[in-house]
Amino acid sequence: MYTHVFPLHKIFHLWDTLLLGHSSFPLCIGVSILKQLRNNLLSYGFNECILMFSDMPEIDIQRCVQDSIKIFCSTPKSITYRVHENPSCNARLPFETNFKLSKEETAGDPDLMMSPVSLSELKSEMCPRISAEDLLDLLDLLPESRKRTKSQNIKLLVVDIRSPEEFCKGSLLKSINIPFSTAFAPDGTVDNIVLTSFKGKMITVIGSNKDKLVPEFAAKLVKCGYSRVCTLHGGVEVLRKTGM
């Protein structure tokens with residue numbers, strides 16, 4: 001695990017943290033490395049990027065560890081969901097100060113959790129998916145017995161892109177309605193004051209699972225420079241099943 005790119009003294013430091021983490025933690029380490037190399041990567045062509053990873057430049061390993069922990073703790077667990085993940089590997093981490101209950105300590109509703117998605121479908125989507133359970137938890141809408149994180153003031157915007165008529169028939173508490181047809185200007189830029197004010201903050205796009213508008217809407221936000229955008233796995237239909 002990263003032994004092919006780092007010298008031994010850095011590997012020891014990295015593994016001290018990595019071995020305590022969930023199976024998804026190496027992904028966070030990878031992201032923290034990319035953050036340090038971001039400026040170079042954006043200025044290089046494809047071949048230059050490959051060569052750079054073959055001969056890895058100097059990486060601040062302490063910063064890498066700190067950034068990876070920060071990324072891990074601020075990322076909803078369902079974002080890094082993997083079909084073949086071993087649940088027994090997901091023990092509580094020493095640095096998860098915001099974590100209240102582990103998945104083993106609280107019985108979640110299967111309808112609100114992640115489920116397998118085909119590889120072709122994942123490849124067609126630009127943004128990650130968040131489970132209904134994690135979204136409701138972040139919005140502080142789960143019953144007290146099922147909360148997995150401590151209450152916190154998270155800047156989270158839930159955008160329901162269905163038509164106003166569908167939104168009025170039933171919607172998630174704390175969500176706002178921004179129909180797809182009104183969110184973007186003809187040139188593709190964002191044309192909504194609320195969306196503009198949340199640029200850089202966490203945005204979850206929800207809508208019907210019957211169409212492909214949700215991933216398309218999320219992809220448009222990313223192309224407009226929005227980060228931390230995700231979509232609701234299962235759509236609003238999964239919330240209806242549970243009466244949310």
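**Surface and overall make-up**

I started with the surface: the chain exposes about 13700 Å², and carbon and sulfur atoms supply 57% of that. Note to self: this is a predicted model. Next I looked up how much of the chain is covered, and buried residues come to 44% of the 244 residues. I then went through the secondary structure and got twelve helices and five strands. For contacts with a separation of 6 or more, I found that 66% are between residues 24 or more positions apart.

**Strand S4**

I picked strand S4, residues 202-206, and asked how many of its residues are buried. It's five of five, so I'm noting S4 as mostly covered, given that buried means under 20% relative accessible area. I checked the two faces as well. Met202, Thr204 and Ile206 sit on one side of S4, Ile203 and Val205 on the other, and all are buried.

Which strands pair with S4? One is S2, residues 156-160, which pairs with S4 in the parallel sense over five bridges. Here Leu157 has Ile203 of S4 as its bridge partner. Another is S5, residues 229-232, joined to S4 by three bridges and also running parallel. In that pairing I found Thr204 matched with Cys230 of S5.

I followed the chain onward too: S4, H11 and S5 make a β-α-β unit, and its hand is right.

**Helix H11**

H11 was my next stop. I listed its buried residues: Val214, Pro215, Phe217, Ala218, Ala219 and Leu221. What do they pack against? My list reads S2, H9, helix H10 (193-197), S4 and S5. Just after H11 I came across Gly225, which takes a positive phi of about 95°.

**Aromatic rings**

I searched the whole structure for aromatic pairs and found four. The one I looked at is Phe180 with Phe217: the ring centres are 5.5 Å apart and the planes stand at 75°, so I'm writing this pair down as edge-to-face. Planes over 60 degrees apart get that label, which is why 75° qualifies.

Where do the two rings come from? Phe180 belongs to helix H9, residues 180-183, and Phe217 to helix H11, residues 213-223, so the pair ties together parts that are 37 residues apart in sequence. I checked cover for both. Phe180 has a relative accessible area of 17%, so it counts as buried under the 20% cut-off. Phe217 is at 0% and counts as buried too.

Phe184 comes into the picture here, since I found that Phe180, Phe184 and Phe217 form one aromatic cluster.

**Charges over rings**

I looked for charged ends sitting over rings. Lys220 has its charged end over the ring of Phe184, 5.4 Å from the ring centre. That's the Phe184 of the aromatic cluster with Phe180 and Phe217. Lys199 is another entry: its charged end sits over the ring of Tyr226, 5.4 Å from the centre.

**Lys10**

Last lookup, over in helix H1, residues 8-18, where Lys10 lies. Is Lys10 buried or exposed? I got a relative accessible area of 8%, so Lys10 is buried. Which residues does Lys10 touch, leaving aside its neighbours within four places in sequence? I wrote down Glu58, Ile59 and Ile61 as its contacts.

Conventions
Residues numbered from 1 in each chain as written. Predicted model: local features only at pLDDT ≥ 70, side-chain atom pairs only at ≥ 80, totals over all residues. Heavy atoms only, no water. Helix = DSSP H or I, 4+ residues; strand = E, 2+ residues; numbered from the N terminus. Buried < 20%, exposed > 50% of the residue type's maximum accessible area, 1.4 Å probe, protein only. Contact = heavy atoms within 4.5 Å. Areas by Shrake-Rupley, 256 points an atom, 1.4 Å probe, with all protein chains shown as cover. Phe/Tyr/Trp six-rings, centres within 6.5 Å; stacked < 30°, edge-to-face > 60°. Lys NZ or Arg CZ within 6 Å of the ring centre and 35° of its normal. Pairing = 2+ DSSP bridges. Right-handed = clockwise from strand over helix to strand, strands pointing away.
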